[in-house]
Amino acid sequence: MILIDGKKAAAELRAELKEEVAELKSKHNKVPGLTVILIGDLTPSQIYVRNKEKSANEVGLKSEVIKYPDSIEEKTVLEKIQELNSDENVSGILVQLPLPKHIDKQKVIEAIDPSKDVDGFHPMNVGNLSSGYESSIPCTPLGCYLLIKKIEPNLSGKKAVVVGRSNLNGKPMTQLLLKENCTVTITHSKTKDLKAECLEADIIVAAVGIPELVRGDWVKKDAIVIDVGINKTDNGIVGDVHFDEVSKNAKALTPVPGGVGPMTIACLLKNTIDCFKRSQI
Ligand code: NAP
């Protein structure tokens, strides 16, 4: 079985991006800039943002974090986004989720200029992705896609099952696999027989949030299995896939941690650079 090393793949991607940033700097005399807005003091969000900033600096991007307290008014956040939209030194804007309850997440997402939407959550980017046009692609599914392509460059005609239909993961993942000419089944909590669906799959992407949901006898021999899940349990962090069981059947499998997670941040940097490049055309 191939253990898909997300840490290594992310380090390779960051090295490529670092070179690209250096080339862009010599061509345009400036570097792409990423601005993250962090609201409140949730520990996981603070850790994510710190890691994003560190990785952005590592590849040579200009990075900035704007911090607001939990009590910040929605209006202030929307005004700041407008300011960043018209700042030509800002190539990408990310508002770290989740947001405090009094702030309307969708309003915030839609306030970001789609050309600077490095999360790929703006409806215009969602529509562009599903129409097959160029767009920012949500970072986690993009990371999964790049890992799958490393194992199997030609996905045409493969059967893929995506478990979970969130806007963040499942839906964009489905679009990416469709674009590669996979035959895609998207499953969710109301799917009648998830095991039977998974058993058909050459590729399984699990993005559910249920510890070890996908079992060894759900997976066809030689399937590629990508585990997006990050679940805190009494036994530590586990994915949505039962690693020990599935590793006996699968052709390739991502571990948790060290699989999809590291690729997510590397893809955020990629999206920032891509936004910058599109703005220079
Ligand atoms: P989400 O928004 O909660 O969506 C979960 C999806 O799973 C929903 O579509 C839900 O179906 C489906 N589902 C729930 N129970 C199911 C079942 N028994 N069988 C089949 N489908 C079921 O979750 P998310 O934001 O996509 O996150 C999923 C997981 O990925 C979480 O563990 C999260 O922590 C992790 N994650 C990891 C990364 C990373 O960088 N590695 C990034 C983001 C998220 P319904 O639509 O019918 O409710």
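Colleague: What makes strands 3, 2 and 4 an open sheet, and how are they paired?

Modeller: In this predicted model, the three strands line up in the order 3-2-4, with parallel pairing. Two strands count as paired if at least two bridges are found between them. Strand 2 (residues 33-39) and strand 3 share seven bridges. That count meets the cut-off of at least two, so strands 2 and 3 are paired.

Colleague: Why is one side of strand 3 and of strand 4 left without a neighbour in the sheet?

Modeller: Strand 3 (62-68) and strand 4 (92-95) stand at the edges. Each has a single partner strand, so one side of each has no neighbour in the sheet. On average, neighbouring strands here are turned by 15° against each other, direction ignored.

Colleague: Which residue of strand 3 is the bridge partner of Gly33?

Modeller: Lys62 is the partner of Gly33.

Colleague: What packs on this sheet?

Modeller: Helix 3 (residues 74-85) does, touching strand 2, strand 3 and strand 4. A touch here is heavy atoms within 4.5 Å. The direction of helix 3 makes about 165° with that of strand 3. The protein chain has 10 helices and 11 strands.

Colleague: How do you know that the radius of gyration agrees with a compact globule?

Modeller: For 281 residues, a compact globule would have a radius near 19 Å. The protein chain has 19 Å, so the two agree. Its C-alpha trace spans about 50 × 45 × 35 Å along the principal axes. Buried residues make up 49% of the chain. Of the contacts between residues at least 6 apart in sequence, 69% join residues at least 24 apart.

Colleague: How much accessible surface does the protein chain have?

Modeller: About 13,800 Å², of which 50% belongs to carbon and sulfur atoms.

Colleague: How many disulfides does the structure hold?

Modeller: Zero.

Colleague: Why is Cys144 not bonded to Cys267?

Modeller: A disulfide needs two cysteine sulfur atoms within 2.5 Å. The closest cysteine sulfur to that of Cys144 is in Cys267, 8.7 Å away, so it is too far for a bond. Cys275 is in no disulfide either. The nearest cysteine sulfur to Cys275, that of Cys139, is 9.7 Å away.

Colleague: Why are Cys144 and Cys275 called buried?

Modeller: Buried means under 20% relative accessible area. Cys144 has 1%, so Cys144 is buried. Cys275 has 2%, so Cys275 is buried as well.

How values were computed. Residues are numbered from 1 along each chain as its sequence is written. This is a predicted model: local features need pLDDT of at least 70, side-chain atom pairs count only at pLDDT 80 or more; totals for chains, interfaces and linings use all residues. Side-chain values use heavy atoms; hydrogens and water are left out. Helices (H or I, at least four residues) and strands (E, at least two) are DSSP runs, numbered from the N terminus. Axes are lines fitted to C-alpha atoms, for helices over the stretch in contact, and angles run from 0 to 180 degrees between N-to-C directions. The radius of gyration is taken over C-alpha atoms; the globule rule is 2.2 Å times the number of residues to the power 0.38. Buried means under 20% relative accessible area, exposed over 50%, partly exposed in between (1.4 Å probe, protein chains only). Accessible areas come from the Shrake-Rupley method with a 1.4 Å probe; for residues, only the protein chains shown count as cover.
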